[in-house]
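User: Hi! I am new to this structure and would like to get to know it step by step. Could you walk me through it?

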Amino acid sequence: MIAAIENGMRADLNAASANGLLGYAWRTSETYPEEWDSYLKEKGDWKSPAHWAVFAGATDLRFTDMGNVRLSGAQFGLVVAAENLRNETATRHGGPEGAGEVGSYQLALDALAILSGSTLGLDIDPLRPRSMRLVRPFD
């Protein structure tokens, strides 16, 4: 189920893009790499706008009488990234109105709007975003 949730998050974001709801297309859609530095060296030229989904743990594990595990309080993360060759501010804020340059702040807000309350078509509780954090820019 963990992989299905990661993939469902990516699928919902990609569907919104493909259906023209965002005004831009996600050009990288992957699961979060185990080691960023190695990923960036191997991948080299990831394409922006980008997102990576990741399972970030669970706060409560419950074992059923059938030996299965039920995760409660599962946490997932989503990293979004934009790139703008003009400067770092444009990377975060996007370009001038009508320039078609989306910034990382808009990517994050769009992703929150798409995923918040979604069950991703799975038998899970609706997603409830709880925080948003800045991560270091890519080198």
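User: Thanks! To begin, how many salt bridges does the structure hold?
Analyst: Happy to help, and please keep in mind that this is a predicted model. One salt bridge joins the side chains of Glu101 and Arg86, and another joins those of Glu88 and Arg92. The number of salt bridges in the structure is two.

User: How many residues apart in sequence are the parts tied together by Glu101 and Arg86?
Analyst: The side chains of this pair meet at 2.7 Å, N to O. Glu101 sits in the loop between α3 (88-93) and α4, while Arg86 sits in the loop between β3 and α3, so the bridge links parts of the chain whose separation in sequence is 15 residues.

User: Is Arg86 buried or exposed, or something in between?
Analyst: Buried would need a relative accessible area under 20%, and exposed would need over 50%. Arg86 has 46%, and its partner Glu101 has 31%. Arg86 therefore falls in between and counts as partly exposed.

User: Which helix holds both Glu88 and Arg92?
Analyst: Their side chains meet in a salt bridge at 3.8 Å, N to O. An α-helix has 3.6 residues a turn, so residues three or four places apart point the same way. Glu88 and Arg92 are four residues apart, about one turn, and the helix that holds both is α3.

User: What pattern does the chain follow along the sequence?
Analyst: The chain has four helices and three strands. Read along the sequence, their order is α-β-α-β-β-α-α.

User: What percentage of the residues of the chain count as buried?
Analyst: A residue counts as buried when its relative accessible area is under 20%. The chain has 139 residues, and the buried share is 33%.

User: Which residues of α2 are buried, and do they lie on the same side or on opposite sides of the helix?
Analyst: The buried residues of α2 are Trp36, Tyr39 and Leu40, and they pack against β1 (28-31), β2 and β3. On the other side of α2, Lys41 and Glu42 are exposed. The buried residues are Trp36, Tyr39 and Leu40. They cover an arc of only 95 degrees around the axis, which means that they lie on the same side.

User: How many residues does the largest nonpolar core have?
Analyst: Met9, Tyr24, Trp26, Leu107, Leu115, Leu120 and Leu127 have the most contacts inside this core. Helices α1 and α4 each supply at least two of its residues. Another core, of eight residues, lies apart from it and includes Leu40, Ala50, Trp52 and Ala81. The size of the largest core is 18 residues.

User: Is His51 buried or exposed?
Analyst: His51 lies in strand β2. Beyond its neighbours within four places in sequence, His51 is in contact with residues including Arg10, Asn14, Trp26 and Val80. With 0% relative accessibility, His51 is buried.

User: Which residues does Asn14 touch, beyond those up to four places away in sequence?
Analyst: Asn14 belongs to helix α1 (residues 2-18), and at 28% relative accessibility it counts as partly exposed. Leaving out residues up to four places away in sequence, Asn14 touches Trp26, Ser29 and His51.

User: How far apart in space are Asn14 and Leu120, C-alpha to C-alpha?
Analyst: Leu120 lies in the segment after α4 (104-115) and counts as buried, at 13% relative accessibility. Asn14 and Leu120 are 106 residues apart in sequence, while in space their C-alpha atoms are separated by 12 Å.

User: What is the phi of Leu120 near?
Analyst: Most residues other than glycine have a negative phi, and most peptide bonds are trans. Leu120 is a residue other than glycine with a positive phi, near 60 degrees.

User: Is the peptide bond from Ser48 to Pro49 cis or trans?
Analyst: Pro49 lies in the loop between α2 (36-43) and β2. Omega of the bond from Ser48 to Pro49 is near -5 degrees, and the bond is cis.

User: Which residues form the nonpolar patch on the surface?
Analyst: Together the patch residues have about 450 Å² of accessible area. The elements that give two or more residues to the patch are β2 (50-63) and β3 (69-81). Its residues are Ile2, Leu61, Phe63, Val69 and Leu71.

Key: Residues numbered from 1 in each chain as written. Predicted model: local features only at pLDDT ≥ 70, side-chain atom pairs only at ≥ 80, totals over all residues. Heavy atoms only, no water. Patch = residues over 30% accessible without salt bridge, like charges linked within 9 Å, V, L, I, M, F, W, Y side chains within 5 Å. Areas by Shrake-Rupley, 256 points an atom, 1.4 Å probe, with all protein chains shown as cover. Salt bridge = Lys/Arg side-chain N within 4 Å of Asp/Glu carboxyl O. Buried < 20%, exposed > 50% of the residue type's maximum accessible area, 1.4 Å probe, protein only. Contact = heavy atoms within 4.5 Å. Core = buried A, V, L, I, M, F, W, Y, C linked by side-chain atoms within 4.5 Å. Arc of directions from axis to C-beta.
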